[in-house]
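Please consider the structure below with attention to its interior and to its open spaces. The account begins with a single residue and then turns to the nonpolar packing and the pocket.

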Amino acid sequence: MREGIVRLLVEAGFEVVAQAGDADELLRKALAHRPDVAIVDVRMPPHRGDDGLRAALELRRRRPEIGVLVLSQYYEEQLALDLIGDSAEGVGYLLKERVGDVEVFIDAAARVAAGGSALDPEVIGRMLGRRHPPGSLDRLSARDLDVLAAVAEGKSNQGIAEALVISNAAVEKHITSIFSKLGLEPEPTAHRRVLAAVAYLRDSSGIR
């Protein structure tokens, strides 16, 4: 599968600076080359347990500026939550079956490399399915909606500030307001930024 992914990336215009056969090699090469994004299989040698995930988490800890796109055979909510941590910026989580949809996979890699986020639709759907859906977007101001639209695009706070020509403090204020108006309270098993983005995408597409 690794060779196939490399071929897809190269054909899409990515420069693949290194490949790794196990989790230790992945971490070592990622730290040495400092790529825009590292694409990681959750289950890598030597133990084929969660070696790849642990390497991804360590990479995030040591070099948070490096995007990490994790591929998993099955949906594991705790894995997604561990990976996201306090911020979804520069994080992607896809089921391996998405690799077959080349456009989706390449878009996810590009978004994570640019500092955005890319979470599998099934993962988001299941995360939402365990909770009450967020409140109506009608409560949001026009500027709140501008900020939320940028969040849904996977932009970081800095990226939103630059796109809307406002300060980082203003972005943070709007995001706090959005969480409050949508009734998204802090939860240890939820990522409010992701849930708010899903609420925006669902509302704008007419999905209920």
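**From a buried lysine to the core and the pocket**

Lys96 counts as buried because its relative accessibility is 18%, under the 20% limit that defines burial. The model in which this value was computed is a predicted one. Lys96 is placed in the loop that runs between β3 (91-95) and α5 (102-113). Beyond residues up to four places away in sequence, Lys96 touches Met1, Asp41, Leu71, Ser72 and Gln73.

The nonpolar interior may be taken next. The largest nonpolar core has 28 residues, and those that touch the most other members are Val40, Leu59, Val68, Val70, Leu83 and Tyr93. At least two residues of this core come from each of α2 (23-33), β1 (37-41), α3 (51-62), β2 (67-72), α4 (77-84), β3 and α10 (192-205). With five residues, α2 supplies the largest share of this core. Another core, of 20 residues, lies apart from it and includes Leu140, Val147, Leu148 and Ala197.

Leu83 illustrates the contacts of a core member. Its neighbours within four places in sequence aside, Leu83 is in contact with Ala56, Leu57, Arg60, Val68, Val70, Val91, Gly92 and Tyr93.

The open space remains to be described. The largest pocket holds about 780 Å³ of space. Its lining comprises 31 residues, and Ala18, Gln19, Leu26, Ala38 and Ile39 lie nearest its centre. Two or more lining residues come from each of α1 (2-11), α2 and β1; β1 gives the most, with five residues. By character, the lining of the largest pocket divides into 20 nonpolar, three polar and eight charged residues.

Key: Residues are numbered from 1 along each chain as its sequence is written. This is a predicted model: local features need pLDDT of at least 70, side-chain atom pairs count only at pLDDT 80 or more; totals for chains, interfaces and linings use all residues. Side-chain values use heavy atoms; hydrogens and water are left out. Helices (H or I, at least four residues) and strands (E, at least two) are DSSP runs, numbered from the N terminus. Buried means under 20% relative accessible area, exposed over 50%, partly exposed in between (1.4 Å probe, protein chains only). Contact means heavy atoms within 4.5 Å. A nonpolar core is a set of buried Ala, Val, Leu, Ile, Met, Phe, Trp, Tyr and Cys residues joined through side-chain atoms within 4.5 Å. On a 1 Å grid over the protein atoms alone, a cavity is a set of points where a 1.4 Å probe fits but cannot get out, and a pocket is an open set with protein on both sides within 12 Å along at least five of seven lines; lining residues have an atom within 4 Å of a point. Grid points are joined across faces, edges and corners, and a volume is the space filled by probe spheres set on the points. Ala, Val, Leu, Ile, Met, Phe, Trp, Tyr, Cys and Pro count as nonpolar, Asp, Glu, Lys and Arg as charged, and the others, Gly among them, as polar.
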